[in-house]
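This report concerns a single protein and the internal features of its fold. Please examine the sequence and the structure shown below before reading on.

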Amino acid sequence: DPPYLIMELVPGDSLRAFIDAHPDGMPIETVVCVMQGVLGALAVAHEAGVIHRDIKPANVLLTEKVAGISSVTSESVKITDFGLGKIGGVTTQSIMQSGSLLTEQGENISGTLAYMSPEQREGKDVDGRSDLYACGILMFEMLIGERPHGIELPSTLRGDVPQIFDEVFAQCYARQDRRFANATEMLDAFAGASTDSMTRRPPPPPPVGRQSNGELTCPSCRGIVEPQDQYCIRCGYQLVESVPRCHSCGSFVHMADRFCIQCGEDLSVKVS
């Protein structure tokens, strides 16, 4: 008879449903379990020479229902849809240049692009580190409820996020040569974290310094900064406890700004 495929039935929901059900972030323990499952699966795929190229919440299945989130384990995680695993950079670039993003199919492609690494979006050669870039965005979204904007770290947006997540995210959401070398190395970053480091909040950052002449200095590089600076222009250190953002478009703004320069939103009532 004609050939056919038999696929496993996963009696649960996609990670997308879990994230949508927890807009303020999923439990820390659950995030760890999901990341262990995803990275364990990617380690096997990468060892076989297969790069997924489309890691996103919709392609991660969990065998428990949303109501049973506390019972999620690393064994509950299934990665699906390796459809882009055979597609090269030229095809990826042609997707971005397509004029059909207003169609239903185009909207799905646009959602996929949000998790793609810069080298993949530019049509360059990719390897397993491109999947790890997407894993960083995936982890951030599970913790915060939305994808990252700019250079914010998870713990700056959610007070109970342990420092290890900041470190892992920063090494994923980076240039290709600065990411984890492979999925196993990223997985070890979670496994090597002590119980204390997973539960204890890091100490607060040192305050902005002041020289004898009254000039302010960055506590990280000791360079001169201005009173209105939110980041050090020399080393990128965050100088304020939290960076205000426009509630309408999510762009970074200054507290002194009256309107968002990106969308024009009135910031006098909608800046956090």
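The largest cavity is bordered by ten residues, named here in sequence order: Arg53, Asp54, Ile55, Thr112, Tyr115, Met116, Gln120, Ser130, Asp131 and Ala134. The structure is a predicted model. The volume of this largest cavity is about 40 Å³, and the count of cavities of 30 Å³ or more comes to 1. Rolling a probe the size of a water molecule over the atoms shows where empty space is left. Among the elements that contribute to the lining of the largest cavity, α6 gives the most, with 3 residues.

Helix α6 therefore merits a closer description, and it comprises residues 128-144. At 1.5 Å a residue, its 17 residues should span 24 Å, and the C-alpha atoms at its ends lie 25 Å apart, which agrees with that expectation. Of these 17 residues, 16 are buried, so that α6 is mostly covered, buried being defined as under 20% relative accessible area. Directly after the helix, Gly145 adopts a positive phi of about 95°.

The next topic is the cysteines. A search of the whole structure finds 0 disulfides. Cys135 accordingly takes part in no disulfide, and the nearest cysteine sulfur to its own, that of Cys172, is 6.8 Å away. Seen from Cys172, the closest cysteine sulfur is that of Cys135, and the distance of 6.8 Å is too far for a bond, because a disulfide requires sulfur atoms within 2.5 Å. Both residues are listed below with their relative accessibility.

| Residue | Relative accessibility | State |
|---|---|---|
| Cys135 | 0% | buried |
| Cys172 | 0% | buried |

Cys135 counts as buried because its relative accessibility, 0%, is under the 20% cut-off. Cys172 counts as buried for its value of 0% as well.

The remaining values describe the protein as a whole. Its secondary structure consists of 10 helices and 6 strands. The protein has 272 residues, of which 40% count as buried. It exposes about 15100 Å², and carbon and sulfur atoms supply 52% of that area. Where contacts link residues at least 6 apart in sequence, 57% of them join residues at least 24 apart.

In summary, α6 is a mostly covered helix that gives the most residues to the lining of the largest cavity, and the search for disulfides in the whole structure finds 0.

Conventions
Residues are numbered from 1 along each chain as its sequence is written. This is a predicted model: local features need pLDDT of at least 70, side-chain atom pairs count only at pLDDT 80 or more; totals for chains, interfaces and linings use all residues. Side-chain values use heavy atoms; hydrogens and water are left out. Helices (H or I, at least four residues) and strands (E, at least two) are DSSP runs, numbered from the N terminus. Buried means under 20% relative accessible area, exposed over 50%, partly exposed in between (1.4 Å probe, protein chains only). Contact means heavy atoms within 4.5 Å. Accessible areas come from the Shrake-Rupley method with a 1.4 Å probe; for residues, only the protein chains shown count as cover. The expected span of a helix is 1.5 Å times one less than its number of residues. On a 1 Å grid over the protein atoms alone, a cavity is a set of points where a 1.4 Å probe fits but cannot get out, and a pocket is an open set with protein on both sides within 12 Å along at least five of seven lines; lining residues have an atom within 4 Å of a point. Grid points are joined across faces, edges and corners, and a volume is the space filled by probe spheres set on the points.
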